[in-house]
Amino acid sequence: MSTLIHPQLPLGFEASGLFTFESYVAGCNTVAVGLAQQLASGLGEKQLYFWGELGQGKSHLLQACCNLAAKNKQTVCYLTQSEIVNQSTDMFDGLEQLELICLDDIETWLVDANWETALFDLINRVRENNSRLIMASVHPPEEAFVTLPDLRSRLAWGPVFQLQDLTDKEKFQALRFRAKQSGLELPEKVADYLMQRYPRDMFGLFERLAVLDKASMAMQRKLTIPLVKSVFGTG
């Protein structure tokens, strides 16, 4: 078992008020979210796997877990493609020493046999060390594009959940909550316009909200439908 954490690993998880359980609109995913919150608190399951399409809240949920664990003075790590790309597999060395490891977008970096073996070994070491692990992907374990058969079974060692899409009402609620967190006044009619005129996936809605926030500040204008049209067109 490794005794040192790889020195190139970016372990300094930066807590963000945007990605918390309080700001997560669970919809019909209450069981999955409840288990994630328990795990992040050091209770319940030791491994969870979430999957679903882009914009289903997987990254928010993993970062909420890290935020909660870090708030409770636990050692945590959140890794996604941007941290892993162009790194060697030995960046996983010693990672099991942390109390919580969250691996996001695994389908984007699980690209060859070396990374498959590295993840397989990490899952084993995490269990041996009694640490906790959460993974997220667009694919369920049984459809993961891996060539190592035993890895597919390891991915499903803990409960597996497909995160379900929110209703339009829940998306509306999440959009206005995110605006409030960002200090942006989002009138109901503007939120409704965004929902009606543009794609309704949460990732896209939050991206557009961030763009509008910057535009509103740069132009020194309140967020209105004419401002939305000037930034994105008529939709």
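**Packing, pairing and burial in a predicted model**

Q: At what angle do helix α8 and helix α10 pack, and how far apart are their axes?
A: Helix α8 (residues 188-197) packs with helix α10 (residues 225-232), helices being DSSP runs of H or I with at least four residues and strands runs of E with at least two, numbered from the N terminus. With axes taken as lines fitted to C-alpha atoms over the stretch in contact, and angles running from 0 to 180 degrees between N-to-C directions, the values are about 35° and 9 Å. This is a predicted model in which local features need pLDDT of at least 70 and side-chain atom pairs count only at pLDDT 80 or more, while totals for chains, interfaces and linings use all residues. Residues are numbered from 1 along each chain as its sequence is written, and side-chain values use heavy atoms, with hydrogens and water left out, the angle asked for being about 35° and the axis separation 9 Å.

Q: Which residues of α10 are met by α8?
A: Contact means heavy atoms within 4.5 Å, and on the α8 side Lys-189, Val-190, Tyr-193 and Leu-194 take part. Their partners in α10 are Ile-225, Val-228 and Lys-229.

Q: Is strand β4 largely enclosed or not, and which residues cover its two faces?
A: Buried means under 20% relative accessible area, exposed over 50% and partly exposed in between, with a 1.4 Å probe and protein chains only. In strand β4 (residues 132-137), 6 of the 6 residues are buried, so the strand is largely enclosed by the rest of the structure. The buried residues are Arg-132, Ile-134 and Ala-136 on one side, and Leu-133, Met-135 and Ser-137 on the other.

Q: Which residue of β4 is the bridge partner of Tyr-49?
A: Two strands pair if DSSP finds at least two bridges between them, and strand β1 (residues 47-51) runs parallel to β4, joined by 5 bridges. Strand β3 (residues 100-103) also pairs with β4 in the parallel sense, over 4 bridges, and there Leu-103 stands opposite Met-135. The partner of Tyr-49 in β4 is likewise Met-135.

Q: Which cysteine sulfur is nearest to that of Cys-66?
A: A disulfide is a pair of cysteine sulfur atoms within 2.5 Å, and the structure holds 0 disulfides. Cys-66 counts as buried at 0% relative accessibility, and the nearest cysteine sulfur, 3.6 Å away, is that of Cys-102.
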